[in-house]
Amino acid sequence: MLKPLYLTENDTVMVLDQRRLPLEEVWLEIKDVDELASSIKTLAVRGAPAIGIAAAYGMYMAVKDVKEKEKFLERLKIASDVLSSTRPTAVNLFWALKRMEKVAFQNLNLPIGKLIKKLRSEAIRIHEEDIESCLSISKYGCSLVPERAKILTHCNAGALATGGYGTALGIVREAHKEGKVELVLVDETRPLLQGARLTAWEMRYEGIPYRVITDNMAGYFMAKGMVDMVIVGADRIALNGDTANKIGTYSLAILAKSHNIPFLVAAPISTFDDSIKTGEDIPIEERSEDEVLSFLGKRFTPEGSQAFNPAFDVTPSVFIDYIVTDKGIIERPNEKKIKNFLKDENKM
Ligand code: MRU
C-alpha cells in the first residue's frame with residue numbers, strides 16, 4: 001500500500017516529499033521534531049490525516065532520547081507548541097497531539113524507558129488506525145457510487161494525504177475495484193496543484209481512468225452531464241456539519257447543488273471538531289501570496305501585484321448530501337444528527 005510516511009527502526013521518519021511529486025520521487029529522512037514541523041509547514045507531508053500522523057511521530061521523536069521525566073515533560077510541551085503552529089485548519093493535527101499527550105500523562109508513573117515506548121506505540125497505532133479508517137470509509141462510500149460513475153474530486157484526499165489508501169480517493173479506489181468507475185475528473189487545484197500533481201499521480205499509479213481539468217471547468221462538465229458525483233475530503237468538520245476543505249470546495253458544492261449532483265465529504269471521525277459549533281469558527285490558514293503570484297515557483301504576475309491566499313474554505317452543511325465516515329454515513333448532516341452520531345461513537 002502506498003504510504004506517504006513511516007517510522008523507521010532507527011526512529012527517523014521517512015517522508016515522501018510531496019512538493020516534488022510527480023516529477024521526482026524523493027524520500028526525506030527526518031531526524032528531529034523541528035525538521036518534521038518544517039516538512040508539515042512546507043507541505044512535504046500534507047492532507048489532514050497525514051499531518052496528524054506526522055505530528056504523532058514528531059511528539060515521539062522529541063522525547064525518544066530523554067533520560068529524566070522533567071526533561072521529558074519539557075520536551076513534550078515544546079514539541080506540542082512547535083507542531084501546533086504549523087497548520088491551523090487541519091484538526092487531525094491537534095487531535096493527534098492531544099492523544100499523544102494523554103498517553104504521556106496517563107503513564108507518567110512508568111520508568112522513563114517504558115513511558116517513551118508507550119509513545120512510540122501510540123504514534124504507530126494512530127497511523128495504523130488511520131489506514132483502517134480509510135478502508136472503512138471506502139467501503140461505506142462505495143455503496144453510494146452508481147454504476148459507470150463519473151466522479152469529480154478536488155485537491156488530494158488520497159493515500160498521500162492519509163496513513164495510506166485515502167478517504168475520497170479511497171472510495172474511488174474501492175469503486176474502481178468493483179468496476180463502477182468510468183472516469184475521474186481531477187480538479188487541478190490551484191495554487192499548489194495537489195489535484196494535477198498528486199491525485200493524477202495516484203490515479204495513474206492505480207490505473208484508474210482520469211482526466212485533469214482546471215478548477216474553472218467544473219461547472220461546464222456538470223452542465224454537460226459529465227459528473228455523477230463529487231467526492232472530497234475534509235480538514236475540519238464543525239458540529240453542524242459545516243466542512244472546511246481545500247479552497248474551491250465551497251464553489252464546487254454550490255455548483256453540484258445547482259446541477260442536482262450528490263456531494264460527498266469523506267473523513268474519519270478524528271476530523272470532527274465537537275468544540276466548534278459552526279463553520280464560522282473554523283480557523284482558515286492564510287498562506288504566502290507568492291503561491292498565487294507564481295506558478296511552479298516562477299513569477300508570472302506583474303511586479304508589485306498582491307494576492308489573497310486562503311488555503312481552505314468552508315462548505316455549509318446544507319450543500320452536503322453525505323458525510324462518509326469510518327463509522328458510517330451521515331445523510332444530509334445537521335447538528336442533531338452529528339451529535340447523536342458522535343455520542344454513539346463515544347466521541348462526545
Ligand atoms: O493544503 P493541503 O494539501 O494539506 O490540503 C489538503 C486537503 O484539503 C484535503 O482535501 C484534506 O486535508 C483531506 S485529506 C484526506
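What follows is a conversation between a biologist and a modeller about a predicted model.

Biologist: Let's begin with Cys155. Why is Cys155 called buried rather than exposed?

Modeller: Its relative accessibility is 8%. Buried means under 20%, so Cys155 counts as buried.

Biologist: Where does Cys155 sit, and what is it in contact with?

Modeller: Cys155 is in the loop between β4 (149–153) and α6 (168–177). Leaving aside neighbours within four places in sequence, Cys155 is in contact with Arg46, Asp187, Thr189, Gln194, Gly195, Thr199 and Lys246. Contact here means heavy atoms within 4.5 Å. As for Val186, it is 31 residues from Cys155 along the chain, and their C-alpha atoms are separated by 8.0 Å.

Biologist: That loop also holds Tyr165. What makes the backbone of Tyr165 worth a look?

Modeller: Tyr165 has a positive phi of about 80 degrees, although it is not a glycine. Most residues other than glycine have a negative phi. Tyr165 is also buried, because its relative accessible area is 8% and the cut-off is under 20%.

Biologist: Which other residue has a positive phi without being a glycine?

Modeller: Arg332 does, with a phi of about 40 degrees. Arg332 lies in the loop between β15 (328–331) and α11.

Biologist: Now the prolines. What makes the peptide bond from Leu21 to Pro22 cis?

Modeller: The omega angle is near 0 degrees for that bond. Pro22 lies in the loop between β2 and β3 (27–30). A cis peptide bond also joins Arg190 and Pro191, where omega is about 5 degrees. Pro191 belongs to the loop between β5 and α7. As background, most peptide bonds are trans.

Biologist: Since you mention β5, how do you know that β5 and β6 pair?

Modeller: Strand β5 (residues 181–187) and strand β6 (residues 210–213) share 4 bridges, in the parallel sense. At least two bridges are needed, so β5 and β6 count as paired. Within the pair, Leu185 stands opposite Arg211 in β6. From β5 the chain passes through helix α7 (residues 194–206) to β6, a right-handed β-α-β crossover.

Biologist: Let's turn to charges. Why is the meeting of Arg120 and Asp11 called a salt bridge?

Modeller: The N to O distance between their side chains is 2.9 Å. The limit is 4 Å, so the pair counts as a salt bridge. Side chains of opposite charge can pair when their charged atoms come close.

Biologist: What makes you say that the pair links distant parts of the chain?

Modeller: Arg120 is in helix α5 (residues 112–142), while Asp11 is in the loop between β1 (5–7) and β2 (13–16), and they are 109 residues apart. At 23% relative accessibility, Arg120 counts as partly exposed, whereas Asp11 is buried at 15%. The buried class is under 20%, so the two partners fall on opposite sides of that cut-off.

Biologist: How do you know that Glu129 and Arg99 make a salt bridge?

Modeller: Their side chains meet at 2.8 Å, N to O, and that is within 4 Å. Glu129 is in helix α5 and Arg99 in helix α4 (residues 91–106), 30 residues apart. Glu129 is partly exposed, with a relative accessible area of 34%, and Arg99 is buried, with 18%.

Biologist: What separates Glu335 and Lys339 within helix α11?

Modeller: About one helical turn, because they are 4 residues apart in helix α11 (residues 335–344). Their side chains meet in a salt bridge of 3.0 Å, N to O. Glu335 is partly exposed at 24%, and so is Lys339 at 28%. Elsewhere, salt bridges that share partners join Asp17, Arg19, Arg20 and Glu24 into one network.

Biologist: How many salt bridges does the count come to?

Modeller: The count comes to 23.

Biologist: Last one. What makes Phe295 a candidate for a surface patch?

Modeller: Patch residues need over 30% relative accessible area and no salt bridge. Phe295 has 35% and counts as partly exposed, so it passes the area cut-off. Together with Leu296 and Phe300, Phe295 makes a nonpolar patch of about 330 Å². Phe295 itself lies in strand β11 (residues 294–295).

Notes: Residues are numbered from 1 along each chain as its sequence is written. This is a predicted model: local features need pLDDT of at least 70, side-chain atom pairs count only at pLDDT 80 or more; totals for chains, interfaces and linings use all residues. Side-chain values use heavy atoms; hydrogens and water are left out. Patches are made of residues with over 30% relative accessible area and no salt bridge: like charges are joined within 9 Å, nonpolar side chains (Val, Leu, Ile, Met, Phe, Trp, Tyr) within 5 Å. Accessible areas come from the Shrake-Rupley method with a 1.4 Å probe; for residues, only the protein chains shown count as cover. Helices (H or I, at least four residues) and strands (E, at least two) are DSSP runs, numbered from the N terminus. Buried means under 20% relative accessible area, exposed over 50%, partly exposed in between (1.4 Å probe, protein chains only). A crossover is right-handed if, with the strands pointing away from the viewer, the path from the first strand over the helix to the second runs clockwise.
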